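Colleague: Could you take one part of this predicted model and go through it closely? Please place it in the whole chain before turning to the detail.

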Amino acid sequence: MPSSIPYDPSLVLANVVDNKALQLIQQISAAAGPADAAQNDLNALIAMRRSLDMTRNELVNLGINTKSCNDELSTLNDEITAAAEDYVKKKITAEKTIKPLRAQIKGVSSQAESPVDYNKTQIKSMPLASDSMNMDVQYFSMDSNIENADAYASTIATFVASSTSWMGVNASRDMSTAAQKQVSSQAKKHSLSGTLVLSVSCTHKNASVLAPFILDPDKAIGTWNHIFPNDSLDPTSRLDMLKLACSREDRSTASHYSILSGVTFGSSFVGMVHVLNSTDSKVNETMTSAAQSLQSQMDAAAWYEAQSGGFGVNSSIATDVKNLLSSQNVTTHVTLISMGVIPSMVASEVKLGVQTFAKFDPKASMEAIAQLQNSTVQGENSLKASAQAARTGKQMVTMKGMEIKAALEGLAEIDDGHNKMLDINSMMSALDDYLKKAAEGNSGVPLTYYLKDITKKELAEAWVAKYYPGQYNAITNDDTTAVARTQTAQ
């Protein structure tokens, strides 16, 4: 991924340049250079490989022998592997080198006042450079959905009848049993994950320069005395200032400070998004119902006249057991470093909600149990009647199967509303806004620094030209002419 453009906030147009800050920026850029070049080489080889693959496929479709192409592509694969290894090594080395350098960049700093006369100096935008763009995007997405559902329903009905006659006593016993069972099991797991890594770097054609560049000699001398307290200037001594203005100076060794008089601009957009949205639901419900009837009768006609008796027991039971576990996990990690352009970040809405039983309250549960229980009792009674008819009629009677009625409860979504978060769509919207603003070229961070060096002798010359116009060979060392300086003094 191309590195972000290094920038120090203390390097401001028309201000005195901190040489240490400028050297620090240059060191970071130099350390990142080999890794960026290695990545460009790797991307070029990968793009070549994909293009050649398409060419080979086209030749295969035309029935042309591609053995030689395959051999060359095999060699290219080795080159891509070597380039990838080289890029990884240089990238890791660059980050280790840049890390301590980046830690030295100060977010807040102070420096001497700018010697530029802002009332007379103008900042002009001129197309001195060129527009360019380098983009690298990697995207990975995985969407998986797993659903399992099992349903089971059963009915069991039994009837037992027995009668005995012993010593004139007739005893009969009828017992019928009916049972229903409904079981439902569901499992659902939905996972959506995506990772987007992108980097864009642009150069802008418009440069900002100070034109005209007007220096305020008094402010410039004050700046000099602040930076070089052991080699200060005394503007109250006319003789010393004239003597210094007329002296000779070796600019290659002379002390000086620099003013940032112009810059070319660029911008960079480096971002990463990782989003994970997973939903997991497990549902189990079991409903059982059983009905049992026992009836015994006895007739004693031999010794007792018309003496008979009977007893009976009816019982039924129904149960409903529910288990539901539904969870949602939303994780997002967004990193964006944009230099030179501030893109608009728009948050996206993500729906939150887990599953619940459609009617999870005691009344609904009891109604479902009663429905299943009544169905079971009715089936038991039907079974009993059919068996009685078969017994008394001395013939087989077709028994009607018990009707199974669905009593299991459905699921519904719990609407927890929507939350706003940054995701891949947010990053792509920010990229669109960045490219639009970068094309306009109205902003950026410095790429090239135009420095104007100011020496001690030049300050003396500018001071003489301001306070003694026309008396000496006026050298202003800025864009002000001697005539204009003289007219201003009048």
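**The first helix and its setting**

Modeller: Of the contacts in the protein with a separation of 6 or more, 87% are made by residues 24 or more positions apart, where contact means heavy atoms within 4.5 Å. The model is predicted, so local features need pLDDT of at least 70 and side-chain atom pairs count only at pLDDT 80 or more, while totals for chains, interfaces and linings use all residues. Residues are numbered from 1 along each chain as its sequence is written, and side-chain values use heavy atoms, with hydrogens and water left out.

The protein has eight helices and ten strands; these are DSSP runs numbered from the N terminus, helices being H or I over at least four residues and strands E over at least two. Of its 490 residues, 34% count as buried, that is, under 20% relative accessible area, with exposed meaning over 50% and partly exposed in between (1.4 Å probe, protein chains only).

The part I have chosen is α1. This helix covers residues 19–61, 43 residues in total. The expected span of a helix is 1.5 Å times one less than its number of residues. For α1 that gives 63 Å, and the end C-alpha atoms are 62 Å apart, so the two values agree. That agreement sits alongside a bend of about 35 degrees at G33, with a proline, P34, following within four residues. The bend at a residue is the angle between axes fitted to the seven residues ending there and the seven starting there.

The approach to α1 has a feature of its own. A14 lies in the segment before the helix and has a positive phi of about 75 degrees, although A14 is not a glycine. A14 is also buried, because its relative accessible area is 3%. At the N-terminal end of α1, D18 acts as the cap: one of its side-chain oxygens is 3.1 Å from the backbone nitrogen of K20. This is a polar contact, a pair of N or O atoms within 3.5 Å; within protein, one must be able to donate a hydrogen and the other to accept it, and residues adjacent in sequence count only if both atoms are side-chain atoms. Just after the helix, G63 takes a positive phi of about 80 degrees.

Next comes the packing of α1 against α2. Helix α2 takes in residues 67–102, I80 among them. I80 touches L42, L45, I46 and R49, leaving aside residues up to four places away in sequence. An α-helix has 3.6 residues a turn, so residues three or four places apart point the same way. I80 and L42 are 38 residues apart along the chain, and their C-alpha atoms are separated by 6.6 Å. With a relative accessible area of 16%, I80 counts as buried.

For comparison, α7 (residues 456–467) has twelve residues and an expected span of 16 Å; its end C-alpha atoms are 17 Å apart, so it too agrees with the expected value. Ten of the twelve residues of α7 are buried, which leaves the helix mostly covered; among them are L459, W463 and V464.

V445, in strand β10 (residues 445–455), ties distant stretches of the chain together. Not counting residues up to four places away in sequence, V445 touches I5, Y7, T264, F265, G266, M339 and G340. V445 is 177 residues from S268 in sequence and 8.9 Å from it in space, C-alpha to C-alpha. V445 counts as buried because its relative accessibility is 6%.

D423, in the loop between β9 (418–421) and α6 (424–440), can be set beside D18. The side chain of D423 reaches the backbone nitrogen of N425 at 3.2 Å. Beyond its neighbours within four places in sequence, D423 is in contact with V273, V275 and S348. With a relative accessibility of 13%, D423 counts as buried.

One further local feature concerns the backbone: A211 and P212 are joined by a cis peptide bond, with omega about 0 degrees. P212 is in the loop between β3 (169–210) and α3.
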